[in-house]
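New to this one? Take a look at the chain below, and then let's walk through it together.

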Amino acid sequence: MTQSRKVTLIGTGLMGVPMSRNLLKAGHQLTVWNRTIARAEPLAEDGARIATSEVDAVSGAEFVITMLSDGFASGALIEDRDIQAALSSGAVWIDMSSAKTEHARQQSELLKGLGFGHLDAPVSGGTKGAEAASLAIMVGGDAAVFDAARSVFEAMGRPVHVGPSGAGQLSKLANQTIVAVTISAVAEAMLLAEQGGANPAAVRAALKGGFADSVILQQHGERMTTGNFEPGGLTKFQVKDLNNTLDEAAALGLKLPATESVRDRFQHFIDAMDGGEKDHSGLYLELKARNGLPV
């Protein structure tokens, strides 16, 4: 049976709410906090304690999870002196936000110097993975700290320790590169099938289990051809991740032409088509517009 741990989760957005519910289902004692408190309050019905402030949220926690927009947001909390003073002895900060690798390393060093643990642990799987507790969790940091946090991670998905601090975020950048380029390929395939007169749903069924099959083909391919672009993964966050990927590549002296090209298309979808708040499968709409088709 899983040992109950005192966990705080900060950031109860699209991903944070289902992640919180799964932590509660696993038997952990959960405190939640969100800047817009109304987004956290429904979790009280599931058994979570709703904190009154960030400082109240971290007080007494063995593990503090942040699921925020980026490393700047999580860093603002980690660098707050009042929050640092409220952290319990030996507490571990787990940043599950998607951030720059440099932020993860800086935050790890800061917390280590204060006597606390830190893991960078971004996820993949979107809201469906968060709801099903099947998230792919890529964890960077000290292996012993990872082992101590394993039961917390396993309540939300499948954790893998991928290396030292920053390696989790680097893995997420690799993941987002694959996701973005695959979304582009699936969009082109679905448009080709549809415009050529094939049934897109039947095409996806025919390809299932083959070499071209993927979660993106089945889930986002369906989104594209049914016109469902309610956000599971926001386009604006996809662009943020791709920009971070290209920054990291530049620092390593690398050129990633496919990543750069698809980043530009996502950016155009945001700037010219107001697509920032749509699901990232909405790149299909950018493709249709590029081909002079109604969107």
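Accessible areas here come from the Shrake-Rupley method with a 1.4 Å probe. On that basis, the surface of the chain adds up to about 13500 Å², and carbon and sulfur atoms hold 53% of that. Keep in mind that this is a predicted model.

So what is the chain built from? Its secondary structure comes to 13 helices and 9 strands. The radius of gyration is 20 Å, close to the 19 Å that the globule rule gives for 295 residues, so the chain is as compact as a globular protein of that length. Along the principal axes, the C-alpha atoms fill a box of roughly 65 × 45 × 35 Å.

Here are a few whole-chain percentages side by side:

| Property of the chain | Value |
|---|---|
| Residues that count as buried | 50% of 295 residues |
| Contacts between residues 24 or more positions apart | 62% of contacts with a separation of 6 or more |
| Accessible surface belonging to carbon and sulfur atoms | 53% of about 13500 Å² |

On to the charges. The chain has 26 positive and 33 negative ones, and the mean positions of the two sets are 3 Å apart.

Now let's zoom in on one residue. Where is Ser59 found? It sits in the loop between α2 (54-58) and β4 (63-66). Is Ser59 buried or exposed? Its relative accessibility is 37%, so Ser59 counts as partly exposed, a label for values between the 20% and 50% cut-offs. Ser59 also pairs up with a residue from elsewhere in the sequence: Leu87 is 28 residues away along the chain, yet the two C-alpha atoms are separated by 5.6 Å.

Key
Residues numbered from 1 in each chain as written. Predicted model: local features only at pLDDT ≥ 70, side-chain atom pairs only at ≥ 80, totals over all residues. Heavy atoms only, no water. Helix = DSSP H or I, 4+ residues; strand = E, 2+ residues; numbered from the N terminus. Rg over C-alpha atoms; globule rule 2.2 N^0.38 Å. Buried < 20%, exposed > 50% of the residue type's maximum accessible area, 1.4 Å probe, protein only. Contact = heavy atoms within 4.5 Å. Lys, Arg positive; Asp, Glu negative; His and termini not counted. Charge placed at Lys NZ, Arg CZ, Asp CG, Glu CD.
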